[in-house]
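Please look over the sequence and the structure shown below before reading on. The paragraphs that follow go from one loop residue to the ligand site and then to some further details of the backbone.

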Amino acid sequence: MKLYSRHLLGLEGVTEEEITLILDTTETFREIIERPIKKVPTLRGITVLNLFYEPSTRTRISFELAEKRLSADSISFTPATSSVKKGETLKDTVRNIEAMKIDMVVVRHSSSGVPYFLTQCVNSNIINAGDGTHEHPTQALLDMFTIRRKYKKLKGLRVVMVGDIKHSRVVRSNIWGLKTMGASVALCGPSTLLPFEVERFGVDVYSDLDKAIDGADVVNIMRIQLERQQAGMFPSQREYTNLFGITKERLSLLNKNYTIMHPGPMNRGVEITNEVADSDSSVILEQVTNGQAVRMAVLYLLSGKKEEEE
Ligand code: CP
């Protein structure tokens, strides 16, 4: 079994067998990062460019660490201190860096579709580290890995994603991945934060949080993008917290052995209380640890894959 594409642009269209391969491979790397010496020679000779046009803490650092721990040569590009500031285009930037002989590009960008665009400009393997409101595939893979590790399965579990569904690339990737793996998926948020034609995702949709989380195994809480509040997406932060904030009191509606997740960064006291974020049922930091292993698995599985193999 191998991955069909030499790029990871999203989870839409990725098969159950491919996702299982990535999650199984992640188990191996998860064990490696617990060792005293967390380094293997797997990607020796491979050069990876981290191209982050948008801020990131978890994704950027975990990709950088994943590359180092796989013994790849890695460069991190910072637009603010580059010739982007002199007006150089994305295409010229990447083509010039590729001319220095790189093999893989990890890209985050505020515009949906940039990772696909790069596949048309350069020969490197492209990994999407989050593009606009489109997808964030490695986040969904680490979310699924974290859930599978706890419950030993994904099939049949009820996973509810709560919050700003409209702007969330994490939600989109989780929908594709979880549905493919046989989980039951539900979305919940204010109607202004649900995407147009949300029913096309083929999942349950709620505007009443208590109904949405009743009988759920996992609640994955999405960040309220406070920068979008200027657009008046919800009346006030306090009202949002009252209606959609995850509090300890609400958790009694969940199944026994429930799990609380958040991709980060969190707005404590807005979409999640401190008590819930730091509770025993929260796997938020475990998600971050698993993220590094997932990224090692993705880099390993895609490295060396050439066009003719597709
Ligand atoms: N979850 C996530 O993508 O976090 P960062 O924006 O910090 O990478």
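Asn257 is found in the loop between helix H8 (237–244) and strand E9, where helices (H or I, at least four residues) and strands (E, at least two) are DSSP runs, numbered from the N terminus. Although Asn257 is not a glycine, it has a positive phi of about 65 degrees. This is a predicted model, in which local features need pLDDT of at least 70 and side-chain atom pairs count only at pLDDT 80 or more, while totals for chains, interfaces and linings use all residues. Residues are numbered from 1 along each chain as its sequence is written, and side-chain values use heavy atoms, with hydrogens and water left out.

On the other side of strand E9 (259–261), in the loop between that strand and helix H9 (274–277), is the place of Pro265. The peptide bond that leads from Gly264 to Pro265 is cis, with omega near -10 degrees.

Gly264 also belongs to the surroundings of the ligand, which are made up of Ser56, Thr57, Arg58, Thr59, Arg108, His136, Gln139, Pro263 and Gly264; a residue is counted here if one of its heavy atoms lies within 4 Å of the ligand. Sorted by class, this shell has one nonpolar, six polar and two charged residues, where Ala, Val, Leu, Ile, Met, Phe, Trp, Tyr, Cys and Pro count as nonpolar, Asp, Glu, Lys and Arg as charged, and the others, Gly among them, as polar.

Which atoms of Thr57, Arg58 and His136 come up to oxygen atoms of the ligand? For Thr57 it is a polar backbone atom, 2.8 Å from an oxygen atom of the ligand, whereas for Arg58 it is a polar side-chain atom, at 3.0 Å. In His136, an N or O atom in the side chain is 2.9 Å from an oxygen atom of the ligand. The ligand on its own has 250 Å² of accessible area, of which the protein covers 91%, the areas coming from the Shrake-Rupley method with a 1.4 Å probe, and for residues only the protein chains shown count as cover.

Two members of the shell, Arg108 and His136, are also joined to Thr59, which lies in helix H2 (residues 58–69). The side chain of Thr59 makes a polar contact with the side chain of Arg108 at 3.1 Å and another with the side chain of His136 at 3.5 Å; a polar contact is a pair of N or O atoms within 3.5 Å, and within protein one must be able to donate a hydrogen and the other to accept it, with residues adjacent in sequence counting only if both atoms are side-chain atoms. Thr59 counts as buried because its relative accessibility is 4%, buried meaning under 20% relative accessible area, exposed over 50%, and partly exposed in between (1.4 Å probe, protein chains only).

Ser71 is found in the loop between H2 and strand E2 (73–77). Ser71 has a positive phi of about 70 degrees although it is not a glycine, and with a relative accessible area of 15% it is buried.

Is His134 buried or partly exposed? His134, whose place is in the loop between strand E4 (125–131) and helix H5 (137–151), is partly exposed, since its relative accessible area is 31%.

Finally, Thr119 lies in helix H4 (residues 114–121) and is buried, with a relative accessible area of 14%. A polar atom of the Thr119 side chain lies 2.5 Å from the backbone oxygen of Tyr116.
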